[in-house]
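User: I have a protein model open and want to go through its contacts and packing. Can we start with the charged pairs?

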Amino acid sequence: MLPINYESWHQMLDSNKNQALDNIKKRFVLKVSDTYIKKALGKKWRDCKSTLKKEYFKKDISLEEKLRNVPPGMLRYQWEDAVRFWNSKKGEDHERVGISKRQKQKFTHTAGSKSFACVAKAEELSSGQKVGRLQLFDISHRKKNGSPMTSEAGEIIKLKDKKAEYEAIASTDSSINLEDIDNRIITEVLGPKMFGRV
């Protein structure tokens, strides 16, 4: 239903996506929107392609051998199309861009598919207080057991101690805005806030 020989999920035909969606609805009773299901399908489709590429697309063999190395249960023509794309200049460029983007990521977060804005809004609703950048970083970079995701994230979370110092200064200096302290501390470490999609 969802062939792997498309370059991206966006190029997948709507008829294929709708057919897969109908199939899921026949088998399961779900209390989520169709859009959510399609997004989840897209994620699973990309993960599946990635796994197939890792396991069956070996770099050190010839193109003919790669084409013959069809995974079990995979249609030959779909596999061949995917292999030809991965082997092409465009496919190699896609891979190079992905690798460089992943290397630039400093911190893995636990917000999942929620945007940081949604995480902040949920926290503001539950606590009744405005959430600053430092507090949002703390919320979104902890594991379920409460420990920081990485040692670097732990160091930034420890900056809450610095917040107390700033608050002490702010109590005597009226030019410092108490609400801006979180932002000031985390800007020192992570730099200015980046706007737009990342």
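User: What does R96 form a salt bridge with?

Analyst: This is a predicted model. In it, R96 pairs with D93, and their closest N and O atoms are 2.4 Å apart.

User: Where do R96 and D93 sit relative to each other?

Analyst: Both are in helix α5, three residues apart, so about one helical turn separates R96 from D93. D93 is partly exposed, at 29% relative accessibility.

User: How many salt bridges does the structure hold?

Analyst: The structure holds eight salt bridges. One of them joins the side chains of E95 and K53, at 3.8 Å from N to O.

User: Which helices do E95 and K53 lie in?

Analyst: E95 lies in helix α5 (residues 89–104) and K53 in helix α2 (residues 34–56), so this pair ties together parts that are 42 residues apart in sequence.

User: And are those two buried or exposed?

Analyst: K53 counts as buried, at 17% relative accessibility. E95 is partly exposed, with a relative accessible area of 23%.

User: Moving along the chain, which residue does R142 meet in a salt bridge?

Analyst: R142 meets D138, with 2.5 Å between N and O. D138 is in helix α7 (residues 133–140) and is buried, with a relative accessible area of 9%. R142 is partly exposed, at 28%.

User: Which residues do shared salt-bridge partners join into one network?

Analyst: K89, D93 and R96 are joined into one network by salt bridges that share partners.

User: Change of topic. How many disulfides are there?

Analyst: Zero, from a search of the whole structure.

User: What about the accessibility of C48 and C118?

Analyst: C48 is partly exposed, with a relative accessible area of 39%. C118 is also partly exposed, and its value is 44%.

User: OK, the overall fold. How many helices and strands?

Analyst: The protein has ten helices and zero strands. Of its 198 residues, 28% count as buried.

User: How much of the contact set comes from residues far apart in sequence, say 24 or more positions?

Analyst: Among contacts with a separation of 6 or more, 45% are between residues 24 or more positions apart.

User: Now the interior. How many residues are in the largest nonpolar core, and which have the most contacts inside it?

Analyst: That core has 19 residues, and the ones with the most contacts inside it are L2, I4, L41, W79 and W86.

User: Which elements give two or more residues to this core?

Analyst: Helices α1 (14–27), α2 and α4 (76–87) do. The largest share, five residues, comes from α4.

User: Take W86 from that list. What is W86 in contact with?

Analyst: Leaving aside neighbours within four places in sequence, W86 is in contact with K49, K53, F57, W79, G91 and E92. K53 turns up again here; its side chain is also the one that meets E95 in a salt bridge.

User: Which residues does the second core include?

Analyst: The second core is separate and has nine residues, among them A153, I157, Y166 and I185.

User: Back to α2. How many residues does α2 have, and how far does α2 reach?

Analyst: Helix α2 has 23 residues and spans 32 Å from its first C-alpha to its last. That is close to the 33 Å expected at 1.5 Å a residue.

User: Which residues of α2 are buried, and what do they pack against?

Analyst: The buried residues of α2 are I37, L41, G42, W45, K49, L52 and K53. They pack against α1, α4 and α5.

User: Last one, M12. Where does M12 lie, and is it buried or exposed?

Analyst: M12 is in the segment before α1. At 2% relative accessibility, M12 counts as buried.

User: What is M12 in contact with, leaving aside its neighbours in sequence?

Analyst: Outside the neighbours within four places in sequence, M12 is in contact with L2, P3, Y6, K17 and W45. W45 is one of the buried residues of α2.

User: And how far is M12 from G42?

Analyst: M12 and G42 are 9.5 Å apart in space, C-alpha to C-alpha, and 30 residues apart in sequence.

Technical notes
Residues are numbered from 1 along each chain as its sequence is written. This is a predicted model: local features need pLDDT of at least 70, side-chain atom pairs count only at pLDDT 80 or more; totals for chains, interfaces and linings use all residues. Side-chain values use heavy atoms; hydrogens and water are left out. A disulfide is a pair of cysteine sulfur atoms within 2.5 Å. Buried means under 20% relative accessible area, exposed over 50%, partly exposed in between (1.4 Å probe, protein chains only). A salt bridge is a side-chain nitrogen of Lys or Arg within 4 Å of a carboxyl oxygen of Asp or Glu. Helices (H or I, at least four residues) and strands (E, at least two) are DSSP runs, numbered from the N terminus. A nonpolar core is a set of buried Ala, Val, Leu, Ile, Met, Phe, Trp, Tyr and Cys residues joined through side-chain atoms within 4.5 Å. Contact means heavy atoms within 4.5 Å. The expected span of a helix is 1.5 Å times one less than its number of residues.
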